[in-house]
Amino acid sequence: MGTMTARFAVLQVRPSSKEASRTAQEQAGGRSRWDGVLPLRTPLVEQPEEADGPTGCWMTNLPATTSPSPRPSSPCGGST
């Protein structure tokens, strides 16, 4: 069996759901005070060199400029 290596990317995205909008409005102090901009979230995405696409995703509070090293312990979406 060969060695499987992984590549990681730290991204910044804005959620696009009704729940994200409601949460942002609540945190801003109500709909009239919200500026309409959803907050940035930072997922860490894993894609092994041998894979056709990403195989794991973890939400993190790391800045997007972070150089990832160890694999995180709790995957987002419940998959590994």
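This is a guided tour of the chain, stop by stop, for use with the structure open in a viewer.

**The whole chain**

Begin with everything displayed, and keep in mind that this is a predicted model. Coloured by confidence, the protein chain has a mean pLDDT of 77, and 72% of its residues reach 70 or more. Where pLDDT is low, the predicted coordinates should not be read in detail. Among the elements, α1 has the highest mean pLDDT, at 92, and β1 the lowest, at 78.

In a cartoon view, look for 1 helix and 3 strands, which follow one another along the sequence in the pattern β-α-β-β. If you then switch on a surface, the accessible area of the protein chain comes to about 6,000 Å², and 50% of that belongs to carbon and sulfur atoms. Of the 80 residues, 19% count as buried. Among contacts between residues at least 6 apart in sequence, 53% join residues at least 24 apart.

**Helix α1**

Select residues 18–28, which make up α1, and show the side chains of Ala20, Ala24 and Gln25, the buried residues of this helix. Turn the view until you look down the axis of α1: these buried residues fall within an arc of 135°, so they line one face of the helix. Next, add Lys18, Glu19 and Glu26, which are exposed on the other side of α1.

Step past the end of the helix to Gly29, which follows α1 and has a positive phi, near 95°.

**The loop after the helix**

Continue to Gly36, which sits in the loop between α1 and β2. Is Gly36 buried, partly exposed or exposed? With a relative accessible area of 44%, Gly36 counts as partly exposed. A distance drawn from its C-alpha atom to that of Gln25, 11 residues away along the chain, comes to 8.0 Å; Gln25 is one of the buried residues of α1 seen at the previous stop.

**Strands β2 and β3**

Now select residues 42–48, the strand β2, which is mostly covered, since 6 of its 7 residues are buried. Add residues 56–60 for β3, and trace the two strands together: they run antiparallel and are joined by 5 bridges. As one point of reference across this pairing, pick Leu44, whose bridge partner in β3 is Trp58.

While β3 is on screen, select Cys57, which also lies in this strand. Its relative accessibility is 24%, and Cys57 therefore counts as partly exposed, as the buried class ends under 20%. From the C-alpha atom of Cys57 to that of Glu46, 11 residues apart along the chain, the separation is 6.3 Å.

**The aromatic pair**

For the last stop, keep Trp58 and add Phe8. How many aromatic pairs does a search of the whole structure find? The search finds 1, and it is formed by Phe8 and Trp58, whose ring centres are 6.5 Å apart, with 45° between the planes, a tilted arrangement. This pair links distant parts of the chain, with Phe8 in β1 (residues 6–10) and Trp58 in β3, 50 residues apart.

Finally, colour the two partners by accessibility. Trp58 counts as buried, at 2% relative accessibility, whereas Phe8, at 25%, is partly exposed. The Phe8 end of the pair belongs to β1, the element with the lowest mean pLDDT.

Methods: Residues numbered from 1 in each chain as written. Heavy atoms only, no water. Phe/Tyr/Trp six-rings, centres within 6.5 Å; stacked < 30°, edge-to-face > 60°. Helix = DSSP H or I, 4+ residues; strand = E, 2+ residues; numbered from the N terminus. Buried < 20%, exposed > 50% of the residue type's maximum accessible area, 1.4 Å probe, protein only. Contact = heavy atoms within 4.5 Å. Areas by Shrake-Rupley, 256 points an atom, 1.4 Å probe, with all protein chains shown as cover. Arc of directions from axis to C-beta. Pairing = 2+ DSSP bridges. pLDDT = per-residue confidence, 0-100.
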